[in-house]
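Please examine the structure shown here with attention to how its parts meet. The explanation below moves from the overall division of the chain to individual residues.

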Amino acid sequence: MAKLSQRHLLGIKNLTTQDIELIFDTAANFKEVINRPIKKVPSLRDVTIANIFFENSTRTRLSFELAEKRLSADVVNFSASGSSVKKGETLLDTVNNILAMKVDMVVMRHASVGAPHFLSRHIKANIVNAGDGTHEHPTQALLDTFSIRERLGTLSGKKVAIIGDILHSRVALSNIFALRKLGAEVLVCGPPTLLPKYITSLGITVELSLEKALAWCDVANVLRIQLERQQIKYFPSLREYTLYYGITKKTLDNLKKKIIVMHPGPINRGVELSSDAADSHHSIILDQVENGVAVRMAVLYLLAAAN
Ligand code: CP
């Protein structure tokens, strides 16, 4: 059986192209499973997984939990709010206490960049990064690229524009790594204040004009303005942001070409994306969510096999 080169999924940066292809092939099989009347397989029957979330989540947490249950794993869920973290317990003590209850894998979201990498140096369990601060969100990038491949057949030579708040986005960085490894051309677009200085070193194009970015791309992956991570003002007002970078169905229809619109969620409807654009025939946002379960099943299954 083919195996992943890693026993943790900390980011896309350390995955090989073969790893990503293996995850896609495995996810395609699991997608078939979760569309059967009986959506469950016994693959992780003897495995216990802890979902440890120190930051808010809807999609990622539910998607991992469903993926784990579809694989017949035993699942425990932990939220920092309402836990002994509030009494001053450290990250390592929290996780070691959970592991003492014989947990095999940890899925973790944390506001601090590098938190899952730190854990991977101190504990034996497999770790899956479910988002570390503004750094990486590897399973989001895997489900995004899987969804594009499903629609377009391949990533190779396809043009993908990532639009919005690139500076605060872990989704952007993981997507850039995944898209580049799979042979796509990548452009980022947003106000200059929301584009990190290092971005051109990643082998991608920067475009400040939304009109030009949309005219160029096959796929527009639209990102949320992350106001909760913005301690200073990066643009005068949300109204002005929407004026220059908001996408409506009319904007898309006027392109007079096929374009795929994606969003990792949660959407600020009426800010980066209007409701009529988010719910239009251009959008594959709910396909992304469906594919998320299959992709996460594949990741968990392959990491368990990598031990
Ligand atoms: N896409 C994403 O990470 O969404 P959640 O924050 O709801 O998990």
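The following paragraphs treat the domains, their contact, the ligand site, the salt bridges and two backbone details.

The model is predicted. Its protein chain is assigned two domains: domain 1 comprises residues 12-136 together with 289-305, and domain 2 comprises residues 138-287. Domain 1 is thus written as two segments of the sequence, whereas domain 2 is given as one range. The C-alpha centres of the two domains are 25 Å apart. To the contact between them, domain 1 contributes 32 residues and domain 2 contributes 28 residues.

The area buried between domain 1 and domain 2 is about 2600 Å², with 61% of it on carbon and sulfur atoms. Polar and charged interactions also cross this boundary. Between the two domains there are 17 residue pairs in polar contact, counting pairs in which both residues have pLDDT 80 or more. Which elements supply the side of domain 1 that touches domain 2? At least two residues each come from helix H1 (17-34), helix H2 (59-70), strand E3 (105-110), strand E4 (126-132) and helix H11 (285-305). H1 provides the largest share of that side, with nine residues. Sorted by class, the side of domain 1 facing this contact holds twelve nonpolar, nine polar and eleven charged residues.

Salt bridges form a further part of the description. The count comes to nine salt bridges, and the count between domain 1 and domain 2 is four. One salt bridge joins the side chains of Glu55 and Arg170, with an N to O distance of 3.0 Å. Another pairs Asp25 with Arg149, where the closest N and O atoms are 4.0 Å apart. Because Asp25 belongs to helix H1 and Arg149 to helix H5 (residues 138-152), this pair ties together parts that are 124 residues apart in sequence.

The ligand site comes next. Around the ligand are Ser57, Thr58, Arg59, Thr60, Arg109, His137, Gln140, Pro264 and Gly265. Three of the polar approaches can be described individually. In the side chain of Ser57, an N or O atom is 2.6 Å from an oxygen atom of the ligand. Arg109 places a polar side-chain atom 2.9 Å from a ligand oxygen atom. Pro264, by contrast, approaches through its backbone: one of its backbone N or O atoms lies 2.9 Å from a nitrogen atom of the ligand.

Two details of the backbone complete the account. Gly265, one of the residues surrounding the ligand, is joined to Pro266 by a cis peptide bond with omega near -10°. Pro266 is located in the loop between strand E9 (260-262) and helix H10 (275-278). The other detail concerns Ser72, which has a positive phi of about 70° although it is not a glycine. Ser72 sits in the loop that runs between H2 and strand E2 (74-79). H2 is also among the elements that supply residues to the side of domain 1 touching domain 2.

Methods:
Residues numbered from 1 in each chain as written. Heavy atoms only, no water. Domains from an automatic or database assignment. Contact = heavy atoms within 4.5 Å. Buried area = accessible area lost by both parts, 1.4 Å probe. Polar contact = N/O pair within 3.5 Å; in protein donor to acceptor, adjacent residues only side chain to side chain. Helix = DSSP H or I, 4+ residues; strand = E, 2+ residues; numbered from the N terminus. Nonpolar A, V, L, I, M, F, W, Y, C, P; charged D, E, K, R; others polar. Near = heavy atom within 4 Å.
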